Amino acid sequence: MSLTHSITKLSLISSLLFASSTSAMEISGVQLPEQITLAHTELQLNGAGVRSKFFIDLYVGSLYLTAANSDAAQIIDADQSTIRLNITSGMITADKMRDAITEGFDDATEGKTAAIQSQIDAFMALFSEEIKEGDQFTLATSKTSGVTAYKNNIAQATIEGEAFRQALLKIWLGDEPAQSSLKKAMLGK
């Protein structure tokens, strides 16, 4: 396969993954599409909100599902869901993101991360490059393939494992979410 063919194929896949119709809403200056298409599956915007700390908006978190749902447990157990993070502050660095994710996994698993530590380590490696305001992370979860992480619409890696996938979703939707108001907003409440 030629490099040109590979690039064309990757461009086509990216356009299919991130095609959207009109924007559903704007939050903190971020236009959120009403729907995205991922692996030929149309996902609808379920809800979105802002993750803030010390009165500073850090990122806009949005949740995309195959059908609207406000039950966190059902969403965590669903076959597919996608969380998108749009960075809105230059205060988020790669180090701060890794620290927040480590804390998130610890909270999501009640401190029992040993069983999924290798997947967490692989996921953390995705945040080795510097993060800038305007960066977008898309975390597409699937019971069959795991979590595929995209940075600025470019696939970074797929990390397998159902326990890992559920723990990742619990960072935002679990009993001890990153921020309760963001969880409520993502659930469309």
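Strands, as the word is used in these legends, are DSSP runs of E with at least two residues, numbered from the N terminus. The views that follow are taken from a predicted model.

**View A. The second largest pocket and the strands that line it.** In this predicted model, strand 6 (80-87), strand 7 (136-142) and strand 8 (146-151) each contribute at least two residues to the lining of the second largest pocket. The space in this pocket comes to about 180 Å³, and its lining consists of 14 residues, with L38, A39, Q80, A140 and S142 lying nearest the centre. When the lining residues of the second largest pocket are sorted by character, six are nonpolar and eight are polar, while no charged residue is found among them.

**View B. The open sheet of seven strands.** The strands of this open sheet follow the order 3-4-5-6-7-8-9, and their pairing is antiparallel. At the edges stand strand 3 (35-38) and strand 9 (154-159), each of which pairs on one side only. Averaged over the sheet and with direction ignored, neighbouring strands are turned by 25° against each other.

**View C. Strand 5 between strand 4 and strand 6.** Strand 5 is joined to strand 4 by nine bridges, the two running antiparallel, and to strand 6 by six bridges, again in antiparallel fashion. Across the first of these pairings, Q44 stands opposite L65 in strand 5, and across the second, Y64 stands opposite T82 in strand 6. The hairpin of strand 4 and strand 5 has two residues between the strands, and F54 in this hairpin takes a positive phi near 55°. Because eight of the 10 residues of strand 5 are buried, this strand is largely enclosed by the rest of the structure.

**View D. The pairing of strand 6 with strand 7.** Seven bridges hold the antiparallel pairing of strand 6 and strand 7, and within this pairing T82 stands opposite A140 in strand 7. A140 also belongs to the residues that lie nearest the centre of the second largest pocket.

**View E. The largest pocket and its lining.** The volume of the largest pocket is about 580 Å³, and 26 residues line this pocket, among which R51, K53, L58, K96 and A100 lie nearest its centre. Two or more lining residues come from each of strand 4 (41-53), strand 5 (56-65), helix 3 (94-108) and helix 5 (162-173). Helix 3 gives the largest share of this lining, namely eight residues. Sorted by character, the lining of the largest pocket holds 17 nonpolar residues, one polar residue and eight charged residues.

Technical notes:
Residues are numbered from 1 along each chain as its sequence is written. This is a predicted model: local features need pLDDT of at least 70, side-chain atom pairs count only at pLDDT 80 or more; totals for chains, interfaces and linings use all residues. Side-chain values use heavy atoms; hydrogens and water are left out. On a 1 Å grid over the protein atoms alone, a cavity is a set of points where a 1.4 Å probe fits but cannot get out, and a pocket is an open set with protein on both sides within 12 Å along at least five of seven lines; lining residues have an atom within 4 Å of a point. Grid points are joined across faces, edges and corners, and a volume is the space filled by probe spheres set on the points. Helices (H or I, at least four residues) and strands (E, at least two) are DSSP runs, numbered from the N terminus. Ala, Val, Leu, Ile, Met, Phe, Trp, Tyr, Cys and Pro count as nonpolar, Asp, Glu, Lys and Arg as charged, and the others, Gly among them, as polar. Buried means under 20% relative accessible area, exposed over 50%, partly exposed in between (1.4 Å probe, protein chains only). Two strands pair if DSSP finds at least two bridges between them. Axes are lines fitted to C-alpha atoms, for helices over the stretch in contact, and angles run from 0 to 180 degrees between N-to-C directions.
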